[in-house]
Amino acid sequence: MLLQKMTGWLGLWAKAIGGLLFLALFLTFLVQIAARFGFNQPLPWSDELAVILYLWVILWACAFVVPEKEHVMFDLVWNSVGPATRRLMRMVGHTLIGGLAIAAIPASWEYVHFMAREKTAVLGLSFEWVFLPFVLLLVSLAARSWHGLVQAMKNQGLEAREAAP
């Protein structure tokens, strides 16, 4: 009960942060359009901020907002096999994705941390902050894969993949 409540609150916070990031991107884009086409004065910072916010929006949403069943999947083979094979495919898939994410976390964090000494050209933001959502995505992939693997081993959670074509 408490875990479900915490998960619900975390989900709401993740969606709120994602929404605020998208709003900031949209407002930056509007400022960029107004400056460029309305005043004929392009703003270099708006281009850079839009790119950084776009990166954050995409990786944040993929990591924390979009549920597994909404991600792109190729289900041609999935629909042609039985439940036991589907369960095995889920276990193998989650093991591979989670294992690769876990294996990539240390090197990715090391690179992101290394990039702290470099700054963006216009805003002067540390590249550590620019690339941080990639590490968050890897951690999220590892956690989601672990959860999916546990569900597959218990033969639960198949409804996420059982959508009719």
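1. A residue is called buried here when its relative accessible area is under 20%, and W56, at 15% relative accessibility, therefore counts as buried. The model is a predicted one, and the points below should be read with that in mind. W60 meets the criterion for the buried class as well, because its relative accessibility is 13%.

2. These two tryptophans belong together in the description of helix α2, where both are found, four residues apart, or about one turn of the helix. As a general matter, an α-helix has 3.6 residues a turn, so residues three or four places apart point the same way. The search for aromatic pairs, carried out over the whole structure, finds three of them. In one of these, the ring centres of W56 and W60 are 6.5 Å apart and the planes stand at 25 degrees, so the pair is classed as stacked. Ring pairs also bring in F64, with the result described as a cluster of W56, W60 and F64.

3. F64 provides a link to the next topic, since this residue is listed, along with T7, G11, R144 and H147, among those that lie nearest the centre of the largest pocket. The space in that pocket comes to about 900 Å³, and its lining is made up of 26 residues. Helices α1, α2 and α4 are the elements that give two or more residues to this lining, and α1 gives the most, with ten residues.

4. Which side chains form the salt bridge? The partners are D47 and R36, with a distance of 3.4 Å from N to O, and a search of the whole structure finds one such salt bridge. D47 lies in helix α2, which covers residues 44–65, while R36 lies in helix α1, which covers residues 2–38, so the contact ties together parts that are eleven residues apart in sequence. D47 is partly exposed, at a relative accessible area of 31%, and R36 is likewise partly exposed, with a relative accessible area of 31%.

5. The loop between α1 and α2 contains N40, a residue that deserves a check of its backbone. Although N40 is not a glycine, its phi is positive, at about 55 degrees. In general, most residues other than glycine have a negative phi. N40 is exposed, with a relative accessible area of 62%.

6. Helix α4 calls for a somewhat longer comment. This helix runs over residues 127–153, has 27 residues, and reaches 40 Å from its first C-alpha to its last, which is close to the 39 Å expected at 1.5 Å a residue. A kink of about 30 degrees is nevertheless present in α4, and its centre is P133. The segment after α4 holds N155, and this residue, too, has a positive phi, of about 60 degrees, although it is not a glycine. N155 is partly exposed, its relative accessible area being 46%.

7. Is Y54, a residue of helix α2, buried or exposed? Y54 is exposed, since its relative accessible area of 52% lies over the 50% cut-off for that class. Along the chain, Y54 and I105 are 51 residues apart, and their C-alpha atoms are separated by 22 Å.

8. Q32, in helix α1, is buried, with a relative accessible area of 14%. The C-alpha atoms of Q32 and T120 are separated by 18 Å, and the two residues are 88 residues apart along the chain.

9. Y111 is placed in helix α3, which spans residues 83–114, and is partly exposed, with a relative accessible area of 45%. Taken from C-alpha to C-alpha, the distance between Y111 and P44 is 27 Å, for a pair 67 residues apart in sequence.

Terms used:
Residues are numbered from 1 along each chain as its sequence is written. This is a predicted model: local features need pLDDT of at least 70, side-chain atom pairs count only at pLDDT 80 or more; totals for chains, interfaces and linings use all residues. Side-chain values use heavy atoms; hydrogens and water are left out. A salt bridge is a side-chain nitrogen of Lys or Arg within 4 Å of a carboxyl oxygen of Asp or Glu. Buried means under 20% relative accessible area, exposed over 50%, partly exposed in between (1.4 Å probe, protein chains only). Rings of Phe, Tyr and Trp (its six-membered ring) pair if their centres lie within 6.5 Å; planes under 30 degrees apart count as stacked, over 60 as edge-to-face and the rest as tilted. The expected span of a helix is 1.5 Å times one less than its number of residues. The bend at a residue is the angle between axes fitted to the seven residues ending there and the seven starting there. On a 1 Å grid over the protein atoms alone, a cavity is a set of points where a 1.4 Å probe fits but cannot get out, and a pocket is an open set with protein on both sides within 12 Å along at least five of seven lines; lining residues have an atom within 4 Å of a point. Grid points are joined across faces, edges and corners, and a volume is the space filled by probe spheres set on the points.
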